[in-house]
Amino acid sequence: MTSRVVSMDAAFAVLGVAPVDGVAAARAAFRARVKRLHPDVTPPTTATLAELARIVAAMDYIRAHAPVCLEIEISAAQAARGLTRTLRHGDKPLLVRIPAGTRDGTDLAAVGEERISVTIRVQAQGETAAPARPDFPDAADLDAFMHEFSRPSVTTRLARWIREAQSAA
């Protein structure tokens with residue numbers, strides 16, 4: 001039986017850190033406790049394995065539900081007229097719509113991802129920046145984004161294959 005963690009507060013409590021300490025502190029506490037409870041170090045008993053399952057479940061919950069904060073740097077001209085940007089978080093493509101008149105430090109949510117916050121950094125007029133990007137996503141970025149969210153699941157493809165086979169028979 002594995003223990004279920006149902007809130008961020010409970011997950012942090014299982015790891016012995018406060019939620020204000022952040023994900024990095026939770027990760028460090030997780031690693032320290034796993035090293036101490038691992039079956040290679042501590043003889044596996046019902047109690048130690050149950051405790052190990054609790055801390056693994058807590059860290060899994062934190063990884064799945066912790067908010068993510070990213071930053072985008074844009075020019076003052078782009079902030080004045082607004083734009084759409086694509087970016088990646090891990091292997092996941094994200095789309096961010098930056099409205100006209102956006103100010104430095106504005107926090108926006110990625111399209112369809114309420115737990116991913118994007119902070120907009122607007123450069124001053126005289127600052128030199130990375131090479132200017134177009135105000136709209138390029139075709140490859142947009143195609144990758146659309147492919148990620150529109151491709152059918154494995155189950156859908158299997159069901160389609162079965163239907164096609166039945167109709168051909």
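This report describes the overall make-up of a predicted model, then one helix pair and one sheet.

The secondary structure of the protein amounts to six helices and five strands, and along the sequence these elements follow the pattern α-α-α-β-α-β-β-β-β-α-α. Of the 169 residues, 30% count as buried. Among the contacts with a separation of 6 or more, 47% are made by residues that lie 24 or more positions apart.

**The pair of helix 1 and helix 2**

Two packed helices are described by the angle between their axes and the distance between the axes. For helix 1, which covers residues 8-15, and helix 2, which covers residues 22-37, the axes come within 9 Å and cross at roughly 40 degrees. An angle under 35 degrees would count as roughly parallel, whereas the range of roughly perpendicular runs from 65 to 115 degrees; helix 1 and helix 2 are therefore oblique to each other. Their crossing is left-handed. On the side of helix 1 the contact is made by Phe12, Val14 and Leu15, which meet Gly22, Ala26, Ala29, Phe30 and Arg33 in helix 2. The residues of this contact divide into six nonpolar, one polar and one charged.

**The sheet of strands 1, 5 and 4**

Strands of a sheet pair through backbone hydrogen bonds, either parallel or antiparallel. Three strands of this model form an open sheet in the order 1-5-4, and the pairing within this sheet is mixed. Strand 1 (68-74) and strand 4 (107-110) are the edge strands, each of which pairs on one side only. Neighbouring strands of the sheet are turned against each other by 35 degrees on average, with direction ignored.

The two pairings in the sheet are set out below.

| Strand pair | Sense | Bridges |
|---|---|---|
| Strand 1 and strand 5 | parallel | seven bridges |
| Strand 4 and strand 5 | antiparallel | four bridges |

Strand 5 spans residues 113-122, and individual residues show how its partners are placed along it. From strand 1, Leu70 stands opposite Val118 in strand 5, while Glu71 stands opposite Thr119. Val118 also has Leu108 opposite it, so that this residue of strand 5 is faced by both Leu70 and Leu108.

Strand 4 and strand 5 also form a hairpin, with two residues between the strands, in which Gly112 takes a positive phi near 80 degrees.

Notes:
Residues numbered from 1 in each chain as written. Predicted model: local features only at pLDDT ≥ 70, side-chain atom pairs only at ≥ 80, totals over all residues. Heavy atoms only, no water. Axes fitted to C-alpha atoms, helices over the stretch in contact; angles between N-to-C directions. Parallel < 35°, antiparallel > 145°, perpendicular 65-115°, else oblique. Left-handed = near helix turned anticlockwise from the far one by under 90°. Contact = heavy atoms within 4.5 Å. Nonpolar A, V, L, I, M, F, W, Y, C, P; charged D, E, K, R; others polar. Pairing = 2+ DSSP bridges. Buried < 20%, exposed > 50% of the residue type's maximum accessible area, 1.4 Å probe, protein only.
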